[in-house]
Amino acid sequence: MILSMSGVLLLGVVVFLFCRKDGLKSSHATVCGLFGFYLSSTAIAPSIKAGGSSLASLLGGINF
């Protein structure tokens, strides 16, 4: 739950920065959000979630 909330927060910040700095229109951001909601209800959603978890554990295991 924490990983998904932080991921949503991070993506929300990225979309906000794109809207403010790079000229992403709010309609484009809305379409991206709707695409994410519709994508989460498809059969590929578990694979995307597993990939995100795998990437998070990979990044979490990096020692500097």
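1. A helix here is a DSSP run of H or I with at least four residues, and helices are numbered from the N terminus. With that in hand, we can place Ile62: this residue sits in the segment that follows helix H3, which covers 45-60. Please keep in mind as you look around that this is a predicted model.

2. Is Ile62 buried or exposed? Neither label fits: its relative accessibility is 41%, so Ile62 counts as partly exposed, since that class lies between under 20% for buried and over 50% for exposed.

3. Ile62 also has company at the surface. Together with Leu55, Leu58, Leu59 and Phe64, Ile62 makes a nonpolar surface patch of about 620 Å².

4. Now have a look at His28, which you will find in helix H2, residues 26-39. His28 counts as partly exposed because its relative accessibility is 41%. Try finding Val15 as well: 13 residues separate His28 and Val15 in sequence, and their C-alpha atoms are 9.6 Å apart in space.

5. How many disulfides are there? The count comes to zero. A disulfide is a covalent bond that joins the sulfur atoms of two cysteines. Why does Cys19 not form one? Its closest cysteine sulfur belongs to Cys32 and is 8.9 Å away, too far for a bond, because a disulfide needs the two sulfur atoms within 2.5 Å. Seen from the other side, Cys32 is in no disulfide either, with the sulfur of Cys19 as its nearest cysteine sulfur.

6. One last point on these cysteines concerns their accessibility. Cys19 has 28% relative accessibility and so counts as partly exposed; Cys32, at 49%, counts as partly exposed too.

Technical notes:
Residues numbered from 1 in each chain as written. Predicted model: local features only at pLDDT ≥ 70, side-chain atom pairs only at ≥ 80, totals over all residues. Heavy atoms only, no water. Helix = DSSP H or I, 4+ residues; strand = E, 2+ residues; numbered from the N terminus. Buried < 20%, exposed > 50% of the residue type's maximum accessible area, 1.4 Å probe, protein only. Patch = residues over 30% accessible without salt bridge, like charges linked within 9 Å, V, L, I, M, F, W, Y side chains within 5 Å. Areas by Shrake-Rupley, 256 points an atom, 1.4 Å probe, with all protein chains shown as cover. Salt bridge = Lys/Arg side-chain N within 4 Å of Asp/Glu carboxyl O.
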